[in-house]
Amino acid sequence: MEQDRVTLVPDASLNSPVAMTTLGLGALTTGLFIIGEVAGTGVLALPRAVVDTGWIGLVIIIFGACMLGYTGVILGRCWTIVKERFPEKYAGHTRYPYPAIGYEAFGKIASNAVRFCVHFTMFGGSVVFLLLAADNLHTLFSKSLNFCLWPPIITLFLLPLCWLGTPKDFWVVATGASISTGIASFILFIQVLLEIPAEPPPHTPPSVTSFFTAFGTIIFAYGGHGAFPTIQHDMKDPRRFYISVLFGYSTTFLMYFPVAAAGYFVFGDRFIELNTDNILHVISKGPINTIVTVMIMVHLVLSYVISINPLFQELEEVLGIPLNFNWKRVVSRTVVLLLVLFTGETIPHFGTILSLVGGSTVTCLTCVFPPLFYLRLNTMADPTGKWKKRELTLHNKIILAEITMVGVVGGVASIFSVIYSMATGQSQFTVPCYVNATGAHL
């Protein structure tokens, strides 16, 4: 692949030059990448999350969209600041932008913490996407084929797509993922409304454990931050990333909220009775169910390619694999996909993984690191005088502190709740596919 051509252009907001590529993604296309990365799993899982939190879960969904949209914006500002201050160091293609932000803010320890969280999130999220896609195919074909055979089939299909280089090489994938999710969420919302019962369904009061487990699910549904700097880095003008975030999160919210609210008020405890996290298992079978299943499956398969790409790039940087297409890239990415497949076959239930990843590393990447890094980068001053610290207003500091606190408290409580529910048998558990020959799951 050809290296990006870099031009230094003035940035009025920073009063100094910022690196801008003459070849790359526009703001709208980047917004489609954000939708493709973020939206999808939430359409299926948020109705159950609201059931587990009670009606307050709808408020959390609204609050989550605003909070994580804001942290996405400030994360983009962090990368802009880093590129503005170190134009030579981060000129051209950078495979590890999020860890680089951590390094420039707090040093190597922060960089390694970010790197671990990105890897764990991308890997865990890819497992979730793989299992959900397999579950959709399993349901679509009337369960005629053993569930455990679908993940390997999907992995084989995804291999060529995952060999593509960086986000700007597969913008069509982002467009397809966004459109398929939009269609699915609209049709799903209409189908749920058609099933409004004569009497309101029962709603079991949420427990502390179910509440914070669902918190992890909601955070996961909005948590694409691990890939944001990688996507932003491929933009023509990285300073316009805030436009992409606002477009991406507002669109995602419009997909999520109607389905989550309708699913909660129409179905209620049916999720608990059927012991499922997936609304497709609750709505009536028929043409609508089939169309939604196909659309969501398309999104999941395409989102898989987007979400796992930062992990590929990090690994290739460590292994010294060149940027151009080569056999080393093929081998390294194939090995990663096989590890994802093995994990999915070992834990063939997406709900537990989704809540655990959402409450741990996704919370760090979305609610903890961006405020801390943004605060640090703005208050730093260069000893040589190349740049001066930028004072933040008191209300900005309070907002950053509150978001960090919500992330820490909510994340710790969510992790504890998931582990507790697993230990006490409240979470669904399925033996590995290679142990359970019947392929029963979910």
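At the N-terminal end of helix α13, N326 acts as a cap, with a side-chain oxygen placed 3.0 Å from the backbone nitrogen of K328. This detail, like everything else described here, is read from a predicted model, and it makes a convenient starting point for a walk through the chain.

## Helix α13 and what covers it

Helix α13 runs over residues 327–346, which makes 20 residues, and the distance from its first C-alpha to its last is 29 Å, close to the 28 Å expected at 1.5 Å a residue. Which residues of α13 are buried? They are R329, S332, R333, T334, V336, L337, V340, L341, G344 and E345, a list that includes charged residues such as R333 and E345 as well as V336 and L337. The cover over these buried residues includes three other helices, namely α5 (108–140), α6 (150–162) and α12 (287–319).

One of the buried residues of α13, R333, also takes part in a salt bridge, in which its side chain meets that of E316 with 2.5 Å from N to O. Because E316 belongs to helix α12 and R333 to helix α13, the pair ties together parts that are 17 residues apart in sequence. Both partners, E316 and R333, are buried.

## Salt bridges

How many salt bridges does a search of the whole structure find? The search finds five, and the table sets out some of them, including the pair just described.

| Pair | N to O distance |
|---|---|
| D237 and R239 | 2.7 Å |
| E316 and R333 | 2.5 Å |
| E391 and K389 | 3.6 Å |

The surroundings of these pairs can be described through the accessibility of each partner. In the pair of D237 and R239, D237 has a relative accessible area of 12% and is therefore buried, since buried means under 20%, whereas R239, at 25%, is partly exposed. In the pair of E391 and K389, E391 counts as exposed at 57% relative accessibility, while K389, with a relative accessible area of 47%, is partly exposed.

## Helix α7 and the loops beside α11

Helix α7 covers residues 171–194, and L194 lies within it. L194 counts as exposed, with a relative accessibility of 64%, and together with F186, I190, L193 and I196 it makes a nonpolar surface patch of about 500 Å². V192 also has its place in helix α7. Is V192 buried or exposed? At 0% relative accessibility, V192 counts as buried. Leaving aside neighbours within four places in sequence, V192 is in contact with A262, G263, V266, F267, I279 and I283. The C-alpha atoms of V192 and S284 are separated by 8.8 Å, although these two residues stand 92 residues apart along the chain.

G268 is found in the loop between α10 (241–267) and α11, and, with a relative accessible area of 0%, it is buried. When neighbours within four places in sequence are set aside, the contacts of G268 are V51, P201, P202, H203 and G263. Of these contacts, P201 lies 67 residues from G268 in sequence, yet the two are 5.5 Å apart in space when the distance is taken from C-alpha to C-alpha. G263 appears among the contacts of G268 and also among those of V192.

Helix α11 covers residues 270–274, and N275 sits in the loop between α11 and α12. What is the phi of N275? The angle is positive, at about 55°, although N275 is not a glycine. N275 counts as partly exposed, with a relative accessibility of 39%.

## The chain as a whole

The details above belong to a chain whose secondary structure comes to 16 helices and two strands. Of its 442 residues, 59% count as buried. The chain exposes about 17,700 Å², and carbon and sulfur atoms supply 71% of that area. Among contacts in the chain with a separation of 6 or more, 83% are accounted for by residues 24 or more positions apart, and the contact between G268 and P201, whose positions are 67 residues apart in sequence, is an example of a contact between such distant positions.

Conventions:
Residues numbered from 1 in each chain as written. Predicted model: local features only at pLDDT ≥ 70, side-chain atom pairs only at ≥ 80, totals over all residues. Heavy atoms only, no water. Helix = DSSP H or I, 4+ residues; strand = E, 2+ residues; numbered from the N terminus. Expected span 1.5 Å × (residues − 1). Buried < 20%, exposed > 50% of the residue type's maximum accessible area, 1.4 Å probe, protein only. Contact = heavy atoms within 4.5 Å. Polar contact = N/O pair within 3.5 Å; in protein donor to acceptor, adjacent residues only side chain to side chain. Salt bridge = Lys/Arg side-chain N within 4 Å of Asp/Glu carboxyl O. Areas by Shrake-Rupley, 256 points an atom, 1.4 Å probe, with all protein chains shown as cover. Patch = residues over 30% accessible without salt bridge, like charges linked within 9 Å, V, L, I, M, F, W, Y side chains within 5 Å.
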